[in-house]
Amino acid sequence: MKKILLLSVFVFGLLLSASGQDYLNYASGKHVTTSLGDNNASKITDGLLSGSVWMCFPIGAEQWVEIDLGALSKIFGAHIYFYAGNYTPLHNWKLQYHKDGKWLDIPGTENNRNYSARVEQRFTEPVETEKVRLITKNTMDFGISEIQLWGNDIPKMPYGVEEEAPKPYIADNHWVCVNQVAYNTNAPKGFTVPTAKDNMRFYVVEKETGKKCFSGKLKNGKGDFSKLRPERDGKEYYIEVHDAKMGDAVSFPFVIGDRAIQKMSYKPALAFMNDVRSLVGTHPSCWGGTPWRDGTYYSYEMPSMILLYLTDKAFIDNVPVTLNWERDSAKVLSPDFKKTTDPNDRDAQTTLENYYTLLEKPKSMDVPDLVQDIRFAVGWYLLDPINLEAENDPAGEKMHAQTIEQFAYFLYAYPAMKEYISHDFYKKVLDATMRWWNRAGLFDVITTVGTGKGRECPGHSIMPNLFMYEVAKREHLDNPERFLDAARNQTAWIIEQADWSDPIFTKGQRMSEHKLVTGLTHYYLNYLEYAPDGLYEKLVELAENYVSLSDNMWDFRRFDLTDNWTIPGFNECGNVAGFPACALSLAMCLDNRPDLKDRLVELAYAHFDNLYGRNPLNAHTASHPDNGFEGVERGFPYRYRDDICARLEITRGSLSSLPGTEMYPFNPKGKNRWPEGWTAFNAAWNVSLAYLNIFEGHQDIGILKTL
């Protein structure tokens, strides 16, 4: 019977060839089963991409999709279409075929770092089988729209699938997309008119007087007014364009001033850190079980605050104090206090009670809010360094390296905070850090490379080990060189293993990318005499990669130059918020490459612009700009519910989302990405503001080596 069926398939293939069709998809219309028993699984072989998706909700075990071909078939390759709308494509999987009652791997089909929504796989050797399956241990939700299994002739993608063609967006008036908040006086100043068809003239107009202060011409949809440097700070301006065909248009207003980006960003950025404290912030919840609602071992809140504090201590010390240790203590210790029940927060109540009872009080009640937030995080982790991410994470509950390495930032920066935090508290942290550093694996070369979730950014331990080197020398600890050796060895591994053309090492690390780049640049700028061979060349290659991906009307660093502007499936704003730290720290290493350096600086400021409105939605990243932001005329138009998960919608200063690939280069009606804030996004923002302070000369890079 099998031979008859195989002959029928062969004859059918000849008939198709005779009619001009040479391609045979053996999977078309075939029966599909899945590990989750999804009754919509048949959509994987129905030839439709639009609306035909099988979702996998991970439970920590292997998941699989099996296609029964109905007859022995010889397969030479496969086309796989992942669903990318609001979900990331499947990162890790392989194909297997069934033979003699066993599942065997199809050679050459194992994928470990995929970011493409459309994957073509040509087998190194054809396989004869009745069944093929895709198997994965992926830990993220994902979707599959279609799997095709081809005979000897394999077409180019897409082929044999129907998809709804995106309708081009047609604007009836010009869009003038600007940074709605602020441009710094002596910095690059750009904007985009995506509707512009030619190099039309634009004007920068002073809002108060209507005076035209600057004029220029658009080039490829971009305008530049960097040469405009008003003598008076803080005045508002707008862009004006004139067009006989589509009419005149103006932008949202914006401020130009000395360090205006920082000054108008600090208020929401600092307020956010107050509001998201677990249990004692704006909601009695502790989603995730760390000091910050929705925080986790890799989300970097405490280090980001320390970097920000070190680069603008005088300003932050003089921000009016709003937090009160006595008030928060009374709240938590009250018998009437009722916390919520959230994922992984089972130890939170006890940890916080211990924070207010077992650790000493602050030196005084007028400690700056940011320092109180830093101490809150350090104390929490000191009492409970074991944690587990709220979402399904294969790393599990343990003492994570990225938790313990955060202590290094506090220990290094302690001299800048000693007027507010006791030496006894510092000593407790130092002793615990020295006990836990090796246990957490921080002397080792860490070779894990994470996915787009941002959990395991390669090289994250470089900067913490360099900080511990300084701490060990300052405290006269034994063998401080072991920390320097760990940083050097980790850097050498990056030089050898990191492939900048593979997004898994750059934008594919999402909001965590800055950990790697600032670690490398910190090493180069402050420890060059100890650097392994090839560090400078590696930094130049990274800079060239950034520039090559950014030649577009938005001055926006893309994910790749083929299908993706932004990281597939994920909310983009954390990566955009953290990119200025990457670009500016890298620029500081390239004084002998002025062309490359200048372009990196342009890109850094352009990403602040993108975050604040210069994007295909003409919208600021905040969906609730009324919560702590200034100067925002149009916030992100899509909102997340404020009564679930970490309740970040009710905090001040929460970054929400930005346009994804579906809206680029200019389609504001494209599919929206998940519009939810995250503490990791704001942490990345803090880091970029810190490096902006350093780059603009408000603080020297040496602050990260010698206080």
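**Questions on classification in a predicted model**

Me: Which residue of strand 3 does Thr-33 stand opposite?
Reply: Thr-33 stands opposite Glu-66 in strand 3. The model is a predicted one.

Me: What makes strand 1 and strand 3 a pair, and in which direction do they run?
Reply: Two strands pair if at least two bridges are found between them. Strand 1 and strand 3 (residues 63-83) are joined by four bridges and run antiparallel. Four bridges meet the requirement of at least two, and therefore the strands count as paired.

Me: How do the side chains along strand 1 alternate?
Reply: In a regular strand the side chains alternate between the two faces of the sheet. In strand 1 (residues 31-34), Val-32 and Thr-34 point to one face and are buried. His-31 and Thr-33 point to the other face and are not buried.

Me: Why is the pair of Tyr-169 and Phe-666 called edge-to-face?
Reply: The whole structure holds 43 aromatic pairs. In the pair of Tyr-169 and Phe-666, the ring centres are 5.5 Å apart and the planes stand at 90°. Rings pair if their centres lie within 6.5 Å, and planes over 60 degrees apart count as edge-to-face. Both conditions are met by 5.5 Å and 90°, and therefore the pair is edge-to-face.

Me: What makes this a link between distant parts of the chain?
Reply: Tyr-169 and Phe-666 are 497 residues apart. Tyr-169 is in the loop between strand 7 (142-150) and strand 8 (182-184), while Phe-666 is in the loop between helix 16 (594-611) and helix 17 (679-695).

Me: Why does Tyr-169 count as partly exposed?
Reply: Tyr-169 has a relative accessibility of 25%. Buried means under 20% and exposed means over 50%, with partly exposed in between. The value of 25% falls in between, so Tyr-169 is partly exposed. Its partner Phe-666, with a relative accessible area of 15%, is buried.

Me: How do you know that the charged end of Lys-212 sits over the ring of Tyr-203?
Reply: The charged end of Lys-212 is 4.1 Å from the centre of the Tyr-203 ring. The distance limit is 6 Å, and the charge must also be within 35 degrees of the ring normal. The distance of 4.1 Å is within that limit, and the charged end is classed as sitting over the ring. The charged end of Lys-453 likewise sits over the ring of Trp-678, 4.9 Å from its centre.

Me: Why does Asp-369 have no salt bridge?
Reply: Asp-369 is in helix 7 (residues 369-383) and is buried. The nearest side chain of opposite charge, Arg-652, is 6.6 Å away. A salt bridge requires a distance within 4 Å, so 6.6 Å does not qualify. Leaving aside neighbours within four places in sequence, the contacts of Asp-369 are Asn-274, Pro-320, Val-321, Thr-322 and Leu-323.

Me: Why is Pro-616 called buried?
Reply: Pro-616 has a relative accessible area of 0%, and buried means under 20%, so Pro-616 is buried. Pro-616 lies in the loop between helix 16 and helix 17. Not counting residues up to four places away in sequence, Pro-616 touches eight residues named here in part, including Trp-175, Tyr-664, Pro-665 and Phe-666.

Me: Which peptide bond from Tyr-664 is cis?
Reply: The bond from Tyr-664 to Pro-665 is cis, with omega near -5°, and Pro-665 lies in the loop between helix 16 and helix 17. A cis peptide bond also joins Met-157 and Pro-158, with omega about -10°. Pro-158 is in the loop between strand 7 and strand 8.

Me: What is the sign of phi at Asp-555, and is the residue buried or exposed?
Reply: Asp-555 is not a glycine, yet its phi is positive, at about 50°. Asp-555 lies in the loop between helix 14 (535-548) and helix 15 (573-587). Its relative accessible area of 10% is under 20%, so Asp-555 is buried.

Me: Why is Phe-556 called buried?
Reply: Phe-556 has a relative accessible area of 1%, which is under 20%, and therefore counts as buried. Phe-556 is found in the loop between helix 14 and helix 15. Its contacts beyond four places in sequence include Lys-507, Trp-565, His-607 and Tyr-664.

Note on methods. Residues are numbered from 1 along each chain as its sequence is written. This is a predicted model: local features need pLDDT of at least 70, side-chain atom pairs count only at pLDDT 80 or more; totals for chains, interfaces and linings use all residues. Side-chain values use heavy atoms; hydrogens and water are left out. Rings of Phe, Tyr and Trp (its six-membered ring) pair if their centres lie within 6.5 Å; planes under 30 degrees apart count as stacked, over 60 as edge-to-face and the rest as tilted. Buried means under 20% relative accessible area, exposed over 50%, partly exposed in between (1.4 Å probe, protein chains only). Lys and Arg count as positive and Asp and Glu as negative; His and the chain ends are not counted. Contact means heavy atoms within 4.5 Å.
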